Amino acid sequence: MMLKDFTIANMLDMTQTIAGELFEGKTYPWEVLPEIGDFIVKLGKTLDPAEYDYLEGDIWIAKSAKVAPTACINGPAIIGKNTEVRHCAFIRGKALVGEGCVVGNSTELKNVVLFNNVQVPHYNYVGDAVLGYKSHMGAGSICSNVKSDKKLVVVKDGGEKIETGLKKFGAMLADHVEVGCGSVLNPGTVIGRNTNIYPLSPVRGCVPANSIYKNKDEIVAKQ
């Protein structure tokens, strides 16, 4: 079974992350989830100390980044150049945050890769997820990462499905995805490039590229 529209190659611009090596040899973005933590430690040790400060606990923060004194960052973590980590952000660990990103007030990150220029600016939970270049999560939108029955997550696209073998799987957002305020991206949600999700949407399964998600029965192509 092959969900060709939702491969790494069709979803993510690898020139917009320093984590390219993490994705090499993999087909789908969720395949990186078990390896993020170890990769951050490996990559962090190669970063230029003239550009990144090292903090105890395997934390690397770009000197050009702005981090609020009230933010909490646990390692392993990398905070990229010109990124802003705002008041009371909580980075729980295993977080690779790209360049020019915004991690906002009361936003929580755990086991994630954020490509460059991603914005999670207001009250977002992003766990066990990959967010593509210039993707944006509206205020209060979250990635639900564990099924209520605690079973392993299956990615479904119509009649096709792929067993991920993962208990924790937040959401996979391609480049330029816009998630409306107050939306819940259920475990196994995969959203294609340039797609918009209406506010207050409960989303699950695969949403095609270049579309507008109004509800599960009304997904229209962008004109």
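Biologist: Is Asn116 buried or exposed?
Modeller: Buried, going by this predicted model: Asn116 has 10% relative accessibility, and the cut-off for buried is under 20%.

Biologist: Where does Asn116 sit along the chain?
Modeller: In a loop. Strand S10 (108-114) comes before Asn116 and strand S11 (119-122) after.

Biologist: Which residues does Asn116 touch, leaving out those up to four places away in sequence?
Modeller: Gln16 and Thr17, then Gly98, Glu99 and Cys101, plus Tyr133 and Lys134.

Biologist: What does the side chain of Asn116 do with Glu99?
Modeller: A polar atom of that Asn116 side chain is 2.9 Å from the backbone nitrogen of Glu99.

Biologist: OK, switching to the whole chain. How many helices and strands are there?
Modeller: There are 3 helices and 25 strands.

Biologist: And how compact is the chain for its length?
Modeller: As compact as a globular protein of 223 residues, because its radius of gyration is 16 Å and the globule rule gives 17 Å. Along the principal axes, the C-alpha atoms fill a box of roughly 50 × 35 × 35 Å.

Biologist: What share of the residues is buried?
Modeller: 51% of the 223. As for the surface, the chain exposes about 10,000 Å², with carbon and sulfur atoms supplying 50% of that area.

Biologist: What about contacts between residues far along the sequence?
Modeller: Take the contacts between residues at least 6 apart in sequence: 31% of them join residues at least 24 apart.

Biologist: Last one, charges. How many positive and negative side chains?
Modeller: 24 positive and 24 negative, and the centres of the two sets are 6 Å apart.

Technical notes
Residues numbered from 1 in each chain as written. Predicted model: local features only at pLDDT ≥ 70, side-chain atom pairs only at ≥ 80, totals over all residues. Heavy atoms only, no water. Helix = DSSP H or I, 4+ residues; strand = E, 2+ residues; numbered from the N terminus. Rg over C-alpha atoms; globule rule 2.2 N^0.38 Å. Buried < 20%, exposed > 50% of the residue type's maximum accessible area, 1.4 Å probe, protein only. Contact = heavy atoms within 4.5 Å. Areas by Shrake-Rupley, 256 points an atom, 1.4 Å probe, with all protein chains shown as cover. Lys, Arg positive; Asp, Glu negative; His and termini not counted. Charge placed at Lys NZ, Arg CZ, Asp CG, Glu CD. Polar contact = N/O pair within 3.5 Å; in protein donor to acceptor, adjacent residues only side chain to side chain.
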